[in-house]
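These are my notebook entries on the side-chain contacts and one helix of a single chain. I set down what I looked up, entry by entry.

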Amino acid sequence: MDTSLSWIKAYVPDLECNAKEYTDAMTLSGTKVEGFKEFDKNLDKIVVGKINKIEKHPNADKLVVCQVQIDEDGTEVQIVTGAPNVKEGQKIPVVLDGGHVAGSHKDGESEKGYRIKKGKLRGVESFGMMCSIDELGSNSNMYPDADPDGIYILSDNPEYADAKIGSDAIELLGLHDVAFEYEITSNRVDCFGVLGIAREVAATFGKKFVPPVVTQTGNDEDVNKYISLEVKDPALCPRYTARVVKNIKLAPSPEWMQRRLASVGIRPINNIVDITNYVMEEYAQPMHAYDLDTIEDRKIVVRKAESGEKFTTLDGQERELDDTMLMICDGKKPIGLAGIMGGANSMITDNVTTMLFEAATFDGTNIRLTGKKLGMRTDAQAKFEKGLDPNNALEAMNRACQLVEELGAGEVVGGVVDFYPVKKEPINISYDADKINALLGTDISEEDMVKYFEAIDLIVDKDKKIVTVPTWRQDLERMADLAEEVARFYGYDKIPMTLPESSATTGGLSDKLKHEKIVRTVVEGYGFCEGMSFSFESPKVYDKLCLSEDDTLRKSIRINNPLGEDYSVMRTSALGGILSSLSTNYNRRNKNVRLYELANVYIPKEIPLSELPDERMQLALGMYGEGDFFTMKGVVEDVLYRLGLKEKAEYKPDAGKAYLHPGRQADIIYKKHNIGFIGEVHPVVQKSFEIGEKTYIAVIDMKAATDMADAYVKYQGVPKFPAITRDISLSMKKEVTAGEIEEIIRKAGGQLLESYELFDIYEGSQLLKGYKSLAYKIVLRAKDRTLTDSDANQIMDKIISSLAKKEVVLRQ
């Protein structure tokens, strides 16, 4: 967003400051100025001159010698020039001896400018220079009447024809001005217009804001006899206003309008085009003009485009539309791309006699998406994207019609076509001076706060302590926003530094992070390295894991805008990531790899989603190389113990996991709750992941495990009485698991059982077919006495008799 200082002063007439003061003050009050350009930089001693006499140069065919009057007293200086467009009697800008110009006709504007001094040109003395528009730091785009290849002839412009000889030419041309560039946040749509910036300037400098007075316009006719309106999609077009101007008289805009537009980088064209641009910059409300004679059926229809519909815009490009794009149409055809660009079939030409003015409000998101799809970007589009105030549309329309009448550009037809079904109303916000001061750390009186509010046109009810916020301040929603307004105009630099008030805390990790830290410490101690994979994965992983079609793991959340098929669903298991990482390591010939990941999985309660999924963390362990099933089992048991699961976990071999080896897998059961599984990867799955060695994995549901964790640690003293150790070798069918044997030993051993340990497994010819042998070391101890052999024999007999019920006997 750009504005010139002179344009701002039109609405804040008492403003007195230089560019640096303006920049600092506006930035401190929240309207950040990125930079500024002084148009009169490097311009000095440049006056209005008059060419009284022209003679040929005696030594050069392309040069002439001019006698130029530089004041009302008739003082003349001799200037040699090669400009082809000079004539006697013309008024021109003249830089005198010792003056400066901003650039050269050949090289354009220079950072330091050029100093002009008297000298000789081919033997003839010259005491200054007549200036082209380029030498004044501008160009013919900004001054359309200037000759791009010669001297700027001031007298050719009717508004400069009567300029006083010797007067300041820079003042005459409006170059004693500064253009400021602002960084405006997207929630301050009002500041995308000069009026919004001027209101901020008035509040910042404590001056009076004087907006233009918009007067009623129009003849006695009824605009509805000229045009009708139908809006088919009010959600995308909440307001549409239109007025008609007839008897159009195209002409150049007045100099003051041209200079204001040029100061913000807009090239003046003609009065009608300049009025639409002027109002857009002034009110931040884009407008568009249509040739009414090209509008069929004298009807405007606002509708969505048809899929595949073709439309040629003002820039001559044919564009293919889809059914999400909003169009402005007449009774038979599209004539404009809503909020972006008009059509070539309704453009204003030099032959226009009757014109339709449009000022509307469109859905910002739709405008942005349409522009993105079509690869277009216009000034109007940039404003509509922010979400304009619909109450501003008619005000901007009436301002444009006012300028039409003031400039004599046409006759405004009475009345307005206005579609506005749901009016946007101002909102009320309660304020409390004490709370605002507490929030800011200040001691500002309520009277001063009210002054700040009223300075930016907020309406204050002091009795009810309510601020009424106009609809163009879309950023004010709550009392904290009002506090920010107070801080801006009180001065951020005046707010004292204070420490935040809070109670002291000990800090530290949450329970969740503590558990994760414990897991990392344990598994890294066993040689596992942490991996990290995406929470997105390919649905093809389910096939690689040999999951059945009705497996619950296949019920995953599909992403609406995935990066690709490989990242199109949210994972329901950590297996895909850990196995892919092991595969990568194997194929890069890394040996004895052990990896782990603390991975979040996302379990939907139903598909399609009606509520957020259950997001759970899993500990996934994977390894190949050195180690086997029992190695992995030992790691799992240590992890569980360190997490606070002190009781013995059970392992149920009938886990039924399709991706694990049928005879080498188990569910991990703790206190009758399934908290994970362990096993050797199925050979088919192993092959699909391209891993050429036996691979073992384990997965623990961290939430299920930690919910049962007991962080309480009870210390026991060193035993005072000796223990009795007995070894037993047991024979049993192969179907009997070690877990079942240990469960019997624990129950039969009672309180005197201190520990047990499996130290031997045997299967061979010395046993019956289908049998195996397990040998256990059993330690017995009493806390209050020394056990006798009789005590130990009673416990061992009880263990053996309990085992016998399972057809487990002592090996002979």
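**Entry 1: salt bridges**

I began with Arg781, which is partly exposed at a relative accessible area of 22%. The model is a predicted one, and I read every value below with that in mind.

I looked up the partner of Arg781 and found Glu754, with the two side chains meeting in a salt bridge at 2.6 Å, N to O. This pair links distant parts of the chain, since I find Glu754 in strand E37 (residues 753–762) and Arg781 in the loop between strand E38 (771–780) and helix H20 (789–804), 27 residues apart. Glu754 is also partly exposed, at 42% relative accessibility.

I then turned to a network of salt bridges that share partners. It joins Arg188, Asp190, Glu200, Arg473, Asp475, Glu485 and Arg488.

Next I looked up Lys246 and Glu221, whose side chains form a salt bridge of 2.5 Å, N to O. Lys246 belongs to strand E13 (residues 239–246), and Glu221 to the loop between helix H4 (194–205) and strand E12 (228–231); the two are 25 residues apart and link distant parts of the chain. Is each partner buried or partly exposed? I note Lys246 as buried, because its relative accessibility of 17% falls under the 20% limit. Glu221 is partly exposed, with 29%.

A further salt bridge joins Asp701 to Arg616 at 3.0 Å, N to O. Asp701 is in strand E35 (residues 695–701) and Arg616 in strand E31 (residues 614–624), so this pair ties together parts 85 residues apart in sequence. Asp701 counts as buried at 17% relative accessibility. I recorded the total for the structure as 50 salt bridges.

**Entry 2: the surroundings of Thr572**

I looked up Thr572 in the loop between strand E29 (569–570) and helix H15 (575–587). Thr572 is buried, with a relative accessible area of 3%. What lies 2.7 Å from a polar atom of its side chain? I found the backbone oxygen of Leu553 there.

I also listed the contacts of Thr572, leaving aside neighbours within four places in sequence. They are Glu537, Tyr542, Leu553, Lys555, Ser556, Val601, Tyr602, Ile603 and Gln618. Leu553 thus enters both of my notes on Thr572, through its backbone oxygen and in the list of contacts.

**Entry 3: helix H6**

I checked the length of helix H6 (residues 271–283) against expectation. At 1.5 Å a residue its 13 residues should span 18 Å, and the end C-alpha atoms are 18 Å apart, so the two agree.

How many residues of H6 are buried? I count 12 of the 13, and the helix is mostly covered. Among the buried residues are Ile272, Ile275, Tyr278, Val279, Met280 and Tyr283. Polar and charged names also appear in that list, including Asn271, Asp274, Asn277, Glu281 and Glu282.

I then examined the two ends. Asn270 caps the N-terminal end of H6, with a side-chain oxygen 3.1 Å from the backbone nitrogen of Ile272. After H6 comes Ala284, whose phi is positive, near 60°.

**Entry 4: aromatic rings**

I noted 13 aromatic pairs in the structure. I classed Tyr431 and Phe453 as edge-to-face because their planes lie at 65°, with the ring centres 5.9 Å apart. This pair links distant parts of the chain: Tyr431 is in the loop between strand E24 (427–430) and helix H10 (433–440), and Phe453 is in helix H11 (residues 446–455), 22 residues apart. Tyr431 is buried at 3% relative accessible area, and Phe453 is buried at 0%.

I looked up a second edge-to-face pair, Phe534 and Tyr567, at 5.3 Å centre to centre and 85° between the planes. Phe534 lies in the loop between strand E27 (529–530) and strand E28 (536–537), and Tyr567 in the loop between helix H14 (540–544) and E29, so the pair ties together parts 33 residues apart in sequence. Phe534 counts as exposed at 54% relative accessibility, whereas Tyr567 is partly exposed at 31%.

Ring pairs also link Tyr22, Phe36, Phe180 and Phe205 into a cluster.

**Entry 5: charges over rings**

I closed with two charges over rings. Arg199 lies over the face of Trp472, 4.0 Å from the ring centre. The charged end of Lys544 sits over the ring of Phe689, at 4.3 Å from its centre.

Methods: Residues numbered from 1 in each chain as written. Predicted model: local features only at pLDDT ≥ 70, side-chain atom pairs only at ≥ 80, totals over all residues. Heavy atoms only, no water. Salt bridge = Lys/Arg side-chain N within 4 Å of Asp/Glu carboxyl O. Helix = DSSP H or I, 4+ residues; strand = E, 2+ residues; numbered from the N terminus. Buried < 20%, exposed > 50% of the residue type's maximum accessible area, 1.4 Å probe, protein only. Polar contact = N/O pair within 3.5 Å; in protein donor to acceptor, adjacent residues only side chain to side chain. Contact = heavy atoms within 4.5 Å. Expected span 1.5 Å × (residues − 1). Phe/Tyr/Trp six-rings, centres within 6.5 Å; stacked < 30°, edge-to-face > 60°. Lys NZ or Arg CZ within 6 Å of the ring centre and 35° of its normal.
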